[in-house]
Amino acid sequence: MVAPEQPLLPGEEVLGPEFERKAEEIIGQYPASRRSASLPLLHLWQEEFGFLSERAVEWISTKLGLKPIHILELVTFYPMLHVRPSGRINFKVCRTLSCALAGSHELFAQIRARCGATVAAGHGIYVSPDGSYSVEFVECLAACGSAPAMMVDEEEFERATIDTVERILAESREKEAAQGA
Ligand code: FES
């Protein structure tokens, strides 16, 4: 059981034809072993729904003719797979050597404190109680020469500090205010 208290997400009950098409396309890339499609399908589901629910484990295992445990063991092993939603703004902080030496662990703690990311949501991801913010460690982001590196959604930030975080939060607030205006 991954997250038994989680109800089905909108769209999970009946997956759309586009989702099914993408899933079949992925499976078709592994004709010799359907099991090899497990991770790509988990990524596909997470991109679509934000995290991996119990339904995800069920659906993917059935689709690939595997036991649910074969999918669940991947979900619980890989840190980039989430069993709870990440925050609306998700900070990914590199914890590999160059960034660790340049203070990424301190930065991680500062972000947690700043955003109130106190809820442990598995695999080291912390989420704020209202679900607005999350922070997690990731491995090398290939910006070792400009450590510490951090990603927010798809954008990468080098030589990141708590000031970088404050700027991101301020920009996000401005954007929301403009959209609400
Ligand atoms: S060690 Fe952090 S980007 Fe490579």
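Buried here means under 20% relative accessible area. Keep that cut-off in mind as you move through this predicted model.

**Stop 1: an aromatic pair**

Select phenylalanine 19 and tryptophan 45. Both residues are buried. Their rings form an edge-to-face aromatic pair, with 5.6 Å from centre to centre and 90° between the planes. This pair connects distant parts of the chain, since phenylalanine 19 belongs to helix H1 and tryptophan 45 to helix H2, 26 residues apart. Now add Phe49 and Trp59 to your selection: with Phe19 and Trp45 they make up one aromatic cluster. In total, the structure has eight aromatic pairs.

**Stop 2: the largest nonpolar core**

Keep tryptophan 45 on screen and bring up Leu41, Leu42 and Ile60. Of the 24 residues in the largest nonpolar core, these four touch the most other members. Helices H1 (17-28), H2, H3 and H4 each contribute at least two residues to this core. A second, separate core has 17 residues, among them Ile89, Leu107, Val135 and Met150.

Next, centre the view on leucine 42. What does leucine 42 contact, leaving aside its neighbours within four places in sequence? The list is Leu52, Ile60, Ile71, Leu74, Val75 and Leu81.

**Stop 3: down the axis of H4**

Three of those contacts invite a look at helix H4. Select residues 68-77 and colour Ile71, Leu72, Leu74 and Val75, which are buried. Turn the view to look along the helix axis: the buried residues of H4 fall within an arc of 160°, so they line one face of the helix. Their packing partners are helix H2 (38-49) and helix H3 (54-64).

**Stop 4: a glutamine in H2**

Go back to helix H2 and pick glutamine 46. Is glutamine 46 buried or exposed? Its relative accessibility is 14%, so glutamine 46 counts as buried. Beyond its neighbours within four places in sequence, glutamine 46 is in contact with Phe51, Leu52, Met80, Leu81 and His82.

**Stop 5: salt bridges**

The structure contains nine salt bridges. Here are some to display.

- Glutamate 18 and arginine 21: their closest N and O atoms are 2.9 Å apart. The two are three residues apart in helix H1, so about one helical turn separates them. Glutamate 18 is partly exposed at 41% relative accessibility, and arginine 21 is partly exposed at 42%.
- Lysine 63 and glutamate 24: this salt bridge has an N to O distance of 2.7 Å. Lysine 63 sits in helix H3 and glutamate 24 in helix H1, 39 residues apart, so the pair links distant parts of the chain. Glutamate 24 is partly exposed, at 40%.
- Arginine 88 and glutamate 176: here the N to O distance is 2.6 Å. Arginine 88 lies in the loop between H4 and strand S1 (89-94), while glutamate 176 is in helix H7 (residues 162-180), 88 residues apart.

Before moving on, add Glu25 to Glu18 and Arg21: salt bridges that share partners join these three into one network.

**Stop 6: around tyrosine 126**

Finally, select phenylalanine 108 in helix H6 (residues 104-115) and tyrosine 126 in strand S3 (residues 126-127). Their ring centres are 6.3 Å apart and their planes are at 75°, so this pair is edge-to-face. Phenylalanine 108 is buried at 7% relative accessible area, whereas tyrosine 126 is partly exposed at 23%. Add arginine 112 to the view: arginine 112 lies over the face of tyrosine 126, 3.6 Å from the ring centre.

Terms used
Residues numbered from 1 in each chain as written. Predicted model: local features only at pLDDT ≥ 70, side-chain atom pairs only at ≥ 80, totals over all residues. Heavy atoms only, no water. Buried < 20%, exposed > 50% of the residue type's maximum accessible area, 1.4 Å probe, protein only. Helix = DSSP H or I, 4+ residues; strand = E, 2+ residues; numbered from the N terminus. Arc of directions from axis to C-beta. Contact = heavy atoms within 4.5 Å. Core = buried A, V, L, I, M, F, W, Y, C linked by side-chain atoms within 4.5 Å. Salt bridge = Lys/Arg side-chain N within 4 Å of Asp/Glu carboxyl O. Phe/Tyr/Trp six-rings, centres within 6.5 Å; stacked < 30°, edge-to-face > 60°. Lys NZ or Arg CZ within 6 Å of the ring centre and 35° of its normal.
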